[in-house]
Amino acid sequence: MEPAKKIQSSEQWTRLCRIEDVREGAPLNVEVEGLNPLAVYEVNSKFFVTDNLCTHGNALLSDGYQDGGTIECALHGGAFDIRTGAPTTLPCQIPLKIYEVRVDDGWIAIDAETGTEM
Ligand code: FES
């Protein structure tokens, strides 16, 4: 597992990591004080952020397997759509919280207050 990154805040946008820290197929775990652990993904040159804790159990999705826009949990093989947070494979049934993402001067940032559950 990658080491967690520290945050820097800019207004309501919370910077998580640099764009070069994330590669498609290698989601990044980011820990921000006051927020759930987050997973940052690249899918087709776009960046997405979800809660990193699987909604089925105690596993970090950044330890799982990314296939395009799908993240498969390493613990029981459930999966989610990275772009919407929707569960796509059982045993996962509860959606992941997703966050609005902005790229700002090479930083991937989220609006932590508007994280949504589908
Ligand atoms: S903990 Fe993720 S599928 Fe069970």
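**Exercise 1. The core**

Which residues have the most contacts inside the largest nonpolar core? Find them, then work out which strands feed that core.

*Solution.* Keep in mind that you're looking at a predicted model.

Step 1. The largest nonpolar core holds 26 residues, and the ones with the most contacts inside it are Leu16, Cys17, Val40, Tyr41 and Val49.

Step 2. Now trace the suppliers: β2, β3, β4 (38–43), β5 (46–51), β8, β10 (97–99) and β12 (107–111) each put in at least two residues. The largest share, four residues, comes from β4.

Step 3. Check how covered β4 is: five of its six residues are buried. As a general background point, nonpolar side chains in soluble globular proteins tend to be buried together.

**Exercise 2. The overall layout**

Describe the chain's secondary structure and say how much of the chain is buried.

*Solution.* Step 1. Count the elements: there are 13 strands and zero helices. Reading from the N terminus, you meet β after β the whole way along.

Step 2. Look at burial: 35% of the 118 residues count as buried.

Step 3. Ask how far along the sequence the contacts reach. Among contacts with a separation of 6 or more, 40% link residues 24 or more positions apart.

**Exercise 3. Walking across the strands from β3 to β10**

Start at β3 (28–30) and hop from partner to partner until you get to β10. How many bridges join β4 to β5?

*Solution.* Step 1. β3 pairs with β4 through three bridges, in the antiparallel sense. Here Asn29 sits opposite Ala39 of β4.

Step 2. From β4 you cross to β5, again antiparallel, over six bridges. Two facing pairs to click on are Val40 with Val49 and Leu38 with Asp51.

Step 3. β5 then pairs with β10 over two bridges, antiparallel once more. Val49 stands opposite Tyr99 in β10. Recall that Val49 also faces Val40.

**Exercise 4. The open sheet**

Which strands are the edges of the open sheet with the order β6-β7-β8-β9?

*Solution.* Step 1. Lay out the four strands in that order; the pairing is antiparallel.

Step 2. The edges are β6 (65–67) and β9 (87–89), each of which pairs on one side only.

Step 3. Going from one strand to the next, the twist averages 30°.

Step 4. Zoom in on the middle: β7 (residues 70–72) and β8 (residues 79–81) are joined by three bridges, running antiparallel. Ile71 lines up opposite Phe80 in β8.

**Exercise 5. Backbone oddities**

Find a cis peptide bond and some non-glycine residues with a positive phi. Are Ser45 and Asp105 buried or exposed?

*Solution.* Step 1. Some background first: most residues other than glycine have a negative phi, and most peptide bonds are trans.

Step 2. The cis bond joins Leu90 and Pro91, with omega about 15°. Pro91 is in the loop between β9 and β10.

Step 3. Go to the β4–β5 hairpin, which has two residues between its strands; Asn44 takes a positive phi near 50° there. Ser45, in the loop between β4 and β5, also has a positive phi, about 65°. Ser45 counts as exposed because it has just 7 C-beta neighbours inside 10 Å, and the cut-off for exposed is 12 or fewer.

Step 4. Do it again for Asp105, in the loop between β11 (101–104) and β12. Its phi is positive, about 55°. With 9 C-beta neighbours inside 10 Å, Asp105 counts as exposed too.

**Exercise 6. A loop residue with distant partners**

Which residues does Glu24 touch, leaving out those up to four places away in sequence?

*Solution.* Step 1. Locate Glu24: it's in the loop between β2 (13–18) and β3.

Step 2. Its partners are Glu42 and Val43. Gly68, 44 residues apart from Glu24 in sequence, has its C-alpha 7.6 Å from that of Glu24.

Step 3. Classify Glu24: it has 15 C-beta neighbours inside 10 Å, so it counts as partly exposed.

**Exercise 7. Confidence**

Where does the pLDDT drop below 50?

*Solution.* Step 1. Take the whole chain: the average pLDDT is 90, and 86% of the residues score at least 70.

Step 2. The stretch to flag is residues 3–10, with pLDDT below 50. Beyond near neighbours in sequence, that stretch has 15 contacts in the model.

Definitions and conventions: Residues are numbered from 1 along each chain as its sequence is written. This is a predicted model: local features need pLDDT of at least 70, side-chain atom pairs count only at pLDDT 80 or more; totals for chains, interfaces and linings use all residues. A residue is buried if 20 or more other C-beta atoms lie within 10 Å of its own, exposed if 12 or fewer, and partly exposed in between; C-beta atoms are placed from the backbone. Two residues are in contact if their C-beta atoms, placed from the backbone, lie within 7 Å. Two strands pair if DSSP finds at least two bridges between them. Axes are lines fitted to C-alpha atoms, for helices over the stretch in contact, and angles run from 0 to 180 degrees between N-to-C directions. A nonpolar core is a set of buried Ala, Val, Leu, Ile, Met, Phe, Trp, Tyr and Cys residues joined through C-beta atoms within 7 Å. pLDDT is the predictor's confidence in each residue, from 0 to 100.
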